[in-house]
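Welcome! Have the sequence and the 3D view ready, and work through the exercises below one step at a time.

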Amino acid sequence: MIKEETNTTLTFEDFKTEVLKDYKIAITSRECSLLGRKEVLTGKAKFGIFGDGKEVPQLAMAKFFKNGDFRSGYYRDQTFMMAIGELTIQEFFAGLYGHTDINQEPMSAGRQMGGHFMTHSLNEDGSWKDLTKQKNSSADISPTASQMPRMLGLAQASNIYRSIPELADKSNFSVNGNEISWGTIGNASTSEGLFFETINAAGVLQVPIILSVWDDEYGISVHAKYQTTKESISEILKGYQRDENNNGFEILKVKGWDYPSLIETYEKAADLAREQHVPVLIHVNQLTQPQGHSSSGSHERYKDSTRLDWEKDFDCIRQMKLWMIAINIASPEEIEEIDSKIKKEVLEGKKAAWDAYIDPIIDNQRELVALLEKIAPASQNKDSILKLTANLSKIKIPLKKEILVTARKVLRMIINENSKPELSAWITSYIKKSQPKFSSHLYSESRSNVFSVKEVLPEYADDAKEETDGRMILRDNFDVLFTNYPEVLIFGEDAGSIGDVNQGLVGLQDKFGETRVADVGIREASIIGQGIGMALRGLRPIAEIQYLDYLLYGVQILSDDLATLQYRTSGKQKAPLIIRTRGHRLEGIWHSGSPMGMLVNALRGIHILVPRNMTKAAGFYNTLLECDEPALVVECLNGYRLKEKTPLNYGEFRTPIGVVETIKKGTDITLVSYGSTLRLVEEAAKELIEVGIDCEIIDIQSLLPFDVNHDIVKSIANTNRLLVIDEDVPGGASAYILQQIIENQDGYNQLDSKPQTLTSKAHRPAYGTDGDYFSKPSIEDIFEKVYAMMNEVNPEKYPVLY
């Protein structure tokens, strides 16, 4: 029997009302799917991926989803979103059409295809809403199983809020940690490594997750026998089943067309997860997919007649109808009347969405047509302009692209005519109005973005002679941060008990406890996911990846989820996660890589910070905790035991983000680098001064953002020469750096010599000291590269070396 939140048993009339309400939502969702496919096939929409066949289990899931809970889902959960009141018919179709107005299409402002859902966690100014007063959905992504790692962190946040008393005042994020993380995934996607990694981590952490596996036996056209051992995910996960002696998962199995059993199963799961913080997996099998995988094809091509007949008989809505009739919830005639009424509502909602989408575009079309008709008579290219105008006016369903293409083509024709300024102004205005709808919010646009924090220098005693290991500066700074910010926690491989492999956290677990300074297993992707999920719920996690090379395990999650989060939600969600790692010069293929070019290009949307020492790194952490943006901090692996002056103002000094630092003035050439390589550049500069070459050295400090004040080009204006030194592969980060300086900063105007780069070899570094020397830039390499550039300037003063 369905129960209210007060746990009182419903009367039959109340029960009937509840069931009919559910049925109406199911039919609404199904009609949206059916009509949505037609909209794609008639050309109004680009692509459709729908939730038909999954309606009834999603109704059951929604019944026990409470305010404060979070969904981390699969792109077929439209019925669930409708059931929790976060998706209307009109919004569904607005998503299908790709409407760029966030008020019309609140799921992504047209940035994602339909089927991808979210709720708004942020106010207009970027501040947090009260997440405990609403039902929450983290923003969906398409890559299969990529919602899994984030789901883990959303659940772990409940454990954190429950176990740290100092977080009691964070009442807009949690109510005593009672919230559940609800995950959904298609059965074929359980073949992904991300699924198994996250399942294992959830079992270890014992977090309140309810994971629904929607099982319709296929992954696009590939049957489960090619996907899953024994063709059953619940069968092969039996080893995870908890018992009286061991933690694990509660594993439940239920048929996707059996409405009453689904209600009972989800009620049991919710009670377990919410009260005991036990992870639960619900294998919902015997589901169907009436329209196939997507609008791109037909499932009749890969399902035989027996399967297709079974799907018709065991369609979850058909079975719900039969059950309703059998227990006198409604007669066939009453159901038919409901169906007819809902179909009309869906048609009306679709029309309203289409009109809201297309009318402003048609207005722009008409506006441009009128302008071009005004311009054409006086133009030397009158006939060509009128032809383009006529073609544009004939388009019944215009795209913004088609309007702008026409305008730009005509502009070329009138480049020397009096009407050019008017059309040019129209185009400029149109682009200014349109472009942000596709490009805004890659980074935070709130008052708490990284540029809101100003530099605060480290303070030192007047007679400061004492120096300490760089690792201790990090440790003592983290100590202050953990004291000042109860919402900060750090976790990673060896981060807890031993205080990380380089001792930058030594002693902090003893002081702040295992919840806030935690060891985790070797599972980088789900470490990142933990951080994303916790950051989505108002915590300030620092996810530690032991070495930069190991970050590759997590790059997909960083790139597809974290880096795109603010962008794909048009600024309605944020996850200010800090990723801490260490890299650059060590020895060997697997522990000394510097794939910065890959990271810079994969992680647009995440700030990438490359401090040259631990004081600079500590300053970055201090800055980031004042901001609302995610960042990757790459500490120098060979700098932990190098001596640095001991600051007096731990936790207070701040390294500015996006600002370079000139660490040596010079007149002959500008040397640009970052991280560990800078120490080699400094040594080479000392040797170069002995032969009369005076180098200016600039520390980039952050790759994303890059030199926002354009200080590098100011240096080049004085030296007229540029060398970028980088230990990434040729064409890696150095190519990005050159593009920023030469193109964005117009550095080419200041150069008297060809700008050059000095990088590692194309291969990964070989093992040992000699391997490092012959694989990466050395002091001698830097000296000789600079010397050769100066030879071009003055061959008599600097004769060739070789």
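A residue counts as buried when its relative accessible area is under 20%, as exposed when it is over 50%, and as partly exposed in between. Keep these cut-offs at hand, and remember that the model is predicted.

**Exercise 1. Find what share of the 802 residues of the protein chain is buried, and decide whether the radius of gyration agrees with a compact globule or not.**

Step 1. With the cut-off of under 20% in mind, we find that 60% of the 802 residues count as buried.

Step 2. A compact globule of 802 residues would have a radius of gyration near 28 Å.

Step 3. The protein chain has 30 Å, so the value agrees with the globule rule.

Step 4. To picture the outline, imagine a box of roughly 100 × 85 × 50 Å along the principal axes, filled by the C-alpha atoms.

Step 5. Now look at contacts between residues at least 6 apart in sequence: 79% of them join residues at least 24 apart.

**Exercise 2. Work out what span helix α5 should have, and say how many of its residues are buried.**

Step 1. Pick α5, residues 147-163, from the 27 helices of the protein chain.

Step 2. Helix α5 has 17 residues, and at 1.5 Å a residue these should span 24 Å. Here the rule multiplies 1.5 Å by one less than the number of residues.

Step 3. The C-alpha atoms at the ends of α5 are 25 Å apart, which agrees with the expected span.

Step 4. As for cover, 15 of the 17 residues of α5 are buried.

**Exercise 3. Compare E231 and D500: is each one buried, exposed or partly exposed?**

Step 1. Start with the usual case: most residues other than glycine have a negative phi.

Step 2. E231 is not a glycine, yet its phi is positive, about 60°. You will find E231 in the loop between β6 (222-223) and α7 (233-236).

Step 3. D500 also has a positive phi, near 75°, and sits in the loop between β10 (488-492) and α17 (508-512).

Step 4. E231 has a relative accessible area of 41%, so E231 is partly exposed. D500 has 0%, so D500 is buried.

**Exercise 4. Is the peptide bond between L704 and P705 cis or trans?**

Step 1. As a starting point, most peptide bonds are trans.

Step 2. Omega between L704 and P705 is about 0°, and the bond is cis.

Step 3. To locate P705, look in the loop between β20 (702-704) and α24 (711-719).

Key
Residues numbered from 1 in each chain as written. Predicted model: local features only at pLDDT ≥ 70, side-chain atom pairs only at ≥ 80, totals over all residues. Heavy atoms only, no water. Helix = DSSP H or I, 4+ residues; strand = E, 2+ residues; numbered from the N terminus. Rg over C-alpha atoms; globule rule 2.2 N^0.38 Å. Buried < 20%, exposed > 50% of the residue type's maximum accessible area, 1.4 Å probe, protein only. Contact = heavy atoms within 4.5 Å.
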